[in-house]
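Here is a short note to read beside the model. Please follow the points in order and find each residue as you go.

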Amino acid sequence: MTLEHDAPNTAQEQVLAAFSSHGMTAEFYELYPHRFKMKVPFTGDDNRTAQLAKIFTLLETNKLTLKIRFYSVAHMNLEQIFIDLCRKQLEADEDCEKSVSNR
């Protein structure tokens with residue numbers, strides 16, 4: 001997702017809050033100034049087509065308010081999943097090292 005250049009510093013968090021207010025769990029997995037990627041997992045409650053429609057509706061109806069310039073919706077590919085798992089493992093290793101060094 002790409003935000004307008006005049007978007008406030010809180011714009012990324014506002015997008016996250018918009019998903020949350022519509023009952024969707026979303027989190028960033030790449031974050032840069034005015035550009036980021038999010039993952040929004042499917043839930044077991046609705047069918048996937050309805051959930052995708054809900055995401056598109058949310059983004060389109062809030063595009064001006066949230067200062068969204070461009071967005072795309074896609075399944076995570078294997079490379080993205082692998083990078084996400086590596087990032088989580090690295091964070092877990094760093095947390096473990098910190099707890100051991102604090103002893």
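1. Contact here means heavy atoms within 4.5 Å. Keep that cut-off in mind for Arg35. Leaving aside neighbours within four places in sequence, Arg35 is in contact with Met1, Thr2 and Gln12. One of these partners deserves a second look. Thr2 is 33 residues from Arg35 along the chain, yet their C-alpha atoms are separated by 4.4 Å. Arg35 itself sits in strand β3. Its relative accessible area is 39%, so Arg35 is partly exposed. Bear in mind throughout that this is a predicted model.

2. Next, helix α1, which spans residues 11–21. Which of its residues are buried? They are Ala11, Gln12, Val15, Leu16, Ala18 and Phe19. Viewed down the axis of α1, these buried residues fall within an arc of 155°, so they line one face of the helix. Ser20 and Ser21 are on the other side of α1, and they are exposed.

3. What covers that buried face? The cover over the buried residues of α1 includes three strands, β1 (2–3), β2 (27–32) and β3 (35–39). Helix α2 (48–61) is also included. Just after α1 comes Gly23, with a positive phi of about 75°.

4. Now the largest nonpolar core. This core has 19 residues, and Val15, Phe19 and Met38 touch the most other members. Elements giving two or more residues to this core are α1, β3 and α2. The largest share, five residues, comes from α1. A general rule is worth recalling here: in soluble globular proteins, nonpolar side chains tend to be buried together.

5. Take Phe19 by itself. Which residues does Phe19 contact, leaving aside its neighbours within four places in sequence? The list is Met24, Ala26, Met38, Val40, Ile55, Leu58 and Leu59. Met38 also appears with Phe19 among the core residues that touch the most other members.

6. Helix α3 covers residues 78–101. Asp84 is found in this helix. Is Asp84 buried or exposed? Its relative accessible area is 10%, and the cut-off for buried is under 20%, so Asp84 is buried. Beyond its neighbours within four places in sequence, Asp84 is in contact with Tyr29 and Lys39.

7. Ile81 is in α3 too. With a relative accessible area of 36%, Ile81 is partly exposed. Together with Leu78 and Leu85, Ile81 makes a nonpolar surface patch of about 320 Å².

8. Further along α3 is Ala92. Ala92 has 38% relative accessibility, so it counts as partly exposed. How far apart are Ala92 and Asn62 in space, C-alpha to C-alpha? The distance is 35 Å, with their positions 30 residues apart in sequence. Set this beside the pair Arg35 and Thr2, which are 33 residues apart along the chain with C-alpha atoms separated by 4.4 Å.

9. Finally, check two backbone angles. Most residues other than glycine have a negative phi. His34 is not a glycine, but it has a positive phi of about 65°. His34 lies in the loop between β2 and β3, and it is partly exposed at a relative accessible area of 26%. Lys67 also has a positive phi, near 60°. Lys67 is found in the loop between α2 and β4 (68–70). At 28% relative accessibility, Lys67 counts as partly exposed.

Conventions. Residues numbered from 1 in each chain as written. Predicted model: local features only at pLDDT ≥ 70, side-chain atom pairs only at ≥ 80, totals over all residues. Heavy atoms only, no water. Buried < 20%, exposed > 50% of the residue type's maximum accessible area, 1.4 Å probe, protein only. Helix = DSSP H or I, 4+ residues; strand = E, 2+ residues; numbered from the N terminus. Arc of directions from axis to C-beta. Core = buried A, V, L, I, M, F, W, Y, C linked by side-chain atoms within 4.5 Å. Patch = residues over 30% accessible without salt bridge, like charges linked within 9 Å, V, L, I, M, F, W, Y side chains within 5 Å. Areas by Shrake-Rupley, 256 points an atom, 1.4 Å probe, with all protein chains shown as cover. Salt bridge = Lys/Arg side-chain N within 4 Å of Asp/Glu carboxyl O.
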